[in-house]
Amino acid sequence: MSGSTSAPPGPPGARNSCTRTRCGPPCSPYRPRRRPGPFRWGWPGRGTAGRGGSTSRHCGSRGGARGRPPPPASPPRGRGPAGAADAPGAGGSEDAGGSGGSADDEAAEREKERERAADRFKDLTRDPLAQEEGEEEPTDLAAATRARRSGQSLFSGRDLTSFDRSHIGHAHIGDLNISLDARRSGPLRGGPVPREELRRLRRTHIEPEGYVRLRRALAARRLLVLGGAPGTGRTCTALALLEEVTRDGEGAGDAERVRRVAPEEGVGELAREVAGGEGGHRRGTGYLLKPAPGQPGELPPDGMDLDQLASALAEQGSYAVLVVSVGSAANPLLAGRYGQLCPPAPTRELVDVRLRERLEEEHGDQDADGAGGPLAGLLERAARLRADPEVTEAVGLDDLRPAEAELFASLLAGHLLGTLGREELLAGCRGLAAVQAYAWFAGVDRALAAPPPGDDRTPVRSGTAALFHPVAFRIALAVLGGASYSAVSAAAHLLTWELSVQSDPDSTPARPLFCDDPEADLALSRARSATGAVDVAGVEVTGRLVFYRGGALPAAVLAELWDRHFPVRAPVVRWLRLLADDPRPQVSMRAAVAAGELSVRDFEHGYAELVRPLADAPTPRRRMFAAAALDQAAGHASHRKAVRKVVDDWSRFGTPSLRWTAAMALGYGRSADSMDDTLDALARIGIHDDGKQAAVASQNVVRLLTHPESAAVLRRLAEWTAHRAEEYQDLALVTIVRLALTDVDEVLDDEPGTPLGDRGDWPLLVALAATRPELTGRLADLFWTALNTTRSRDVAFDALETLLRSAFRKDGRPWTREGLAALLPALVAEEHDRRRLDWLLRRMMRDQDRPLPEEQARALWRLAVPAGQRRSDEEENHD
């Protein structure tokens, strides 16, 4: 600015106060320590009362307050042009120079320039994630960080490609004989149950809790509607019940006394055949009915149909068990007189029985009644192997279902007998969750392609929403596991719509409003609910959370969905884009993590359909989604190089939106080859276009300070403060101020239990001083620089006030006092610094809205000036 004077930058290693405007760089943060000179410090009413005090009201905002007296001016740097120009009376008299009016104009212009620089700096310290300009309410970065961390835990340590289908050629999961080939799987045919199967069932079946109650109900009513989720042992329980009640009945000598009814044969047709003795139906027979999945719009049997079947069975001395899946369609049947829920099978005992059976086939049962011998040794090894953490992690299921228990027992026996190596064992264990995911998705919408009964012209298309909802809930749970039940359910309904529209674009999906069954959703998806904390408007409240019953299921569901069902990708991509706009971090950030995992499966598709469009979106929320997805992909060594190339290109040549997204991705610490490369890229973004992206760049430099290489970040900040380019200086100063205003929870990826994680509600600057004492001097030097640079002074003082108020909680208990005890002595080591702290504490005490209690102010002063550095006259004034 014409006519203005400024001091040249001080030499490195000298600590100087700085009163310059934007024309020059801030002073270097490194300076020699010197012993404070004589200084009396008193409180209102004592000693030098009122010196430096202020009765003006302080708004307490983070961005600074206009209209209040500034802090005491920094002392002149010494003899020289700047000191002479700023000294009272400098510049000569009007008679000597005749330029009094010109000097006043220049001083006023300098003050206006200082205010403009301070306002611009204040804008740079705004929340970079704010949706609209002028929005003062901060975004909930802490909730976003927690949600991202929770989402990552769903896939931590588990690759989506971590199982080989060749190790599991055949398995019986739920109601399907699975061969892992959708072309060969199909429903069971009707006919008699082989005698060998019944004999084996008698030998190996383990009665679940409540089995006796089921048997009595079947014997009394002749008909039992047995409900449960597929794969929970319903079929085995039903066959065991029928075998037992017919064993001593009229058909006891009949080799075909237990029969499976063809799935397409309904309850009404079976009642007519049994009553009329048609089709070879004999007296005393037990019938197992498992209706085929109904077409959309098809109604289940009603109470009258069941009464007719029960009457026909009673006339013939026969029994029947109708196996149904829990859900809105079957709930009326289960609520009626014939309905019973199937208790879960005791799978732990089942594993023991099956394992012993496999081992006895090899070694016989010579050890059954005594200790020692090969079999006993194998059983001991089997117990240790089941408890092996690596095996438990590979299984990834909280509880096994009967078919999975049998398969797991076979895998353990194979390893113990030497037919399977350890890697094959682990691969087979990982495949258990994959087989479950396969069964969930195989042929879900096959009924939509089938014509309605009696009509070979057009298939039924109505009711697709009801058909797709269970599938949508499983996908939503894989993406949002650990979120509130309401969030998962709402996302599932949203995805149900997208799937229905994709399946039948010419029709508007229709779904009943009062037919949801939360318990059925959980049972059909192997899920559980638990009470936990939910982030709402920056506050944690108690809510109902929902999780898969096993850490392997989210990855298995996404892998099955993305790899084997390509037509589903389009509606899922649309759905994820909608979740990216959700204002709740528990939804948007979890969805971003899942999007990153899906991109790893097919990076070309994920980048083109999800990452790139959202990275260049106009809204910060979408760009943050893209950044989190990129970072998740960078967590996989196979894709780290590609992600780093994308982020580097965006930081150099991208649009403003792409640079913003690149900065957010860099802040997570995995999108560049080294910390130096990360800081170089953030500097490019922060200084580009006159520093318009300094806010988002500084936010992510602060995030890097939670990493182990924080010392390198502080060194780089010191270099930027001494840089001749003003944009570098601003980037450093904004970062320093933001460091004091950012809570640990907002940027830390670690779980509670670490030194920083246990201080989640502390300002990061104070938390680092408490947990990393080797960094305290550098932190104090950098913050001192912000306090002594004209354009950053106002917001830096507001930040210092925030730090001081954090020493004690509202009830008077210590809060960040430990960290301030480390930081303040290094920050106010000189006389002028102590005078400035005196001024700030007085102003805080006189704040009309939030007056600082005198005893807390005294405690803060004693923290800043340790007893060994106080003189006797100061001690008298403090007591």
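Here is a chat about helix packing, salt bridges and burial in a predicted model.

User: Let's start broad. How many helices and strands are there, and what share of the residues counts as buried?

Analyst: The chain has 37 helices and ten strands. Of its 879 residues, 53% count as buried. Among contacts between residues at least 6 apart in sequence, 73% join residues at least 24 apart.

User: On to pairs of helices. Why is α29 called oblique to α30?

Analyst: Their axes cross at roughly 135°. Roughly antiparallel needs an angle over 145°, and roughly perpendicular covers 65 to 115°. The value of roughly 135° fits neither class, so α29 is oblique to α30. For reference, α29 covers residues 710–721, α30 covers residues 726–741, and the axes come within 7 Å. The crossing is left-handed.

User: Which residues make that contact?

Analyst: From α29 you have Leu 717, Trp 720 and Thr 721. From α30 come Tyr 728, Gln 729, Leu 731, Ala 732, Thr 735 and Ile 736. By type, that is six nonpolar, three polar and no charged residues.

User: And what makes α27 and α28 roughly antiparallel?

Analyst: Again, check the angle. Helix α27 (residues 675–691) and helix α28 (residues 694–704) pack at about 160°. The cut-off for roughly antiparallel is over 145°, so α27 earns that label relative to α28. Their axes are 8 Å apart, and the crossing is left-handed.

User: Who touches whom there?

Analyst: On the α27 side it's Met 675, Thr 678, Leu 679, Leu 682, Gly 686 and Gly 691. On the α28 side it's Ala 694, Ala 697, Asn 700, Val 701 and Leu 704. That contact divides into seven nonpolar, four polar and no charged residues.

User: Val 701 caught my eye. How do you know whether it is buried or exposed?

Analyst: Look at its relative accessible area, which is 1%. Buried means under 20%, so Val 701, with 1%, is buried. This residue sits in helix α28. Leaving out residues up to four places away in sequence, Val 701 touches Leu 679, Leu 682, Val 713, Leu 717, Trp 720 and Thr 735. Its C-alpha atom is 9.2 Å from that of Ala 683, which is 18 residues away along the chain.

User: Why are α24 and α26 described as oblique?

Analyst: Helix α24 (residues 620–634) packs against helix α26 (residues 656–667) at about 50°. Roughly parallel would need an angle under 35°, and roughly perpendicular starts at 65°. About 50° falls between those limits, so the two helices are oblique to each other. Their axes are 8 Å apart, and this crossing is right-handed.

User: What residues meet in that pair?

Analyst: Pro 620, Arg 623, Met 624, Ala 626 and Ala 627 in α24 meet Ser 657, Trp 660, Thr 661, Met 664 and Ala 665 in α26. The split is seven nonpolar, two polar and one charged.

User: Now salt bridges. What makes Glu 360 and Arg 356 a salt bridge?

Analyst: Their side chains come to 3.1 Å, N to O. The limit is within 4 Å, so the pair qualifies. Both residues lie in helix α11 (residues 347–363), four residues apart, about one turn of the helix.

User: Why are those two called partly exposed?

Analyst: Glu 360 has a relative accessible area of 26%, and Arg 356 has 27%. Partly exposed runs between the buried limit of 20% and the exposed limit of 50%, so both residues fit.

User: How do you know that Asp 648 and Arg 652 form one too?

Analyst: Here the N to O distance is 3.0 Å, and the cut-off is within 4 Å. They are four residues apart in helix α25 (residues 637–653), so about one helical turn separates them. Asp 648 is partly exposed at 26%, and Arg 652 is partly exposed at 41%.

User: Where does the bridge between Glu 801 and Arg 843 sit in the chain?

Analyst: The closest N and O atoms of Glu 801 and Arg 843 are 2.5 Å apart. This pair links distant parts of the chain, with Glu 801 in helix α33 (residues 790–805) and Arg 843 in helix α35 (residues 831–845), 42 residues apart. Both Glu 801 and Arg 843 are buried. Elsewhere, salt bridges that share partners join Arg 146, Asp 535, Glu 540 and Asp 745 into one network.

User: How many salt bridges does the structure hold?

Analyst: The structure holds 55 salt bridges.

Methods
Residues are numbered from 1 along each chain as its sequence is written. This is a predicted model: local features need pLDDT of at least 70, side-chain atom pairs count only at pLDDT 80 or more; totals for chains, interfaces and linings use all residues. Side-chain values use heavy atoms; hydrogens and water are left out. Axes are lines fitted to C-alpha atoms, for helices over the stretch in contact, and angles run from 0 to 180 degrees between N-to-C directions. A crossing is left-handed if the near helix is turned anticlockwise from the far one by less than a right angle, and right-handed if clockwise. Contact means heavy atoms within 4.5 Å. Ala, Val, Leu, Ile, Met, Phe, Trp, Tyr, Cys and Pro count as nonpolar, Asp, Glu, Lys and Arg as charged, and the others, Gly among them, as polar. Buried means under 20% relative accessible area, exposed over 50%, partly exposed in between (1.4 Å probe, protein chains only).
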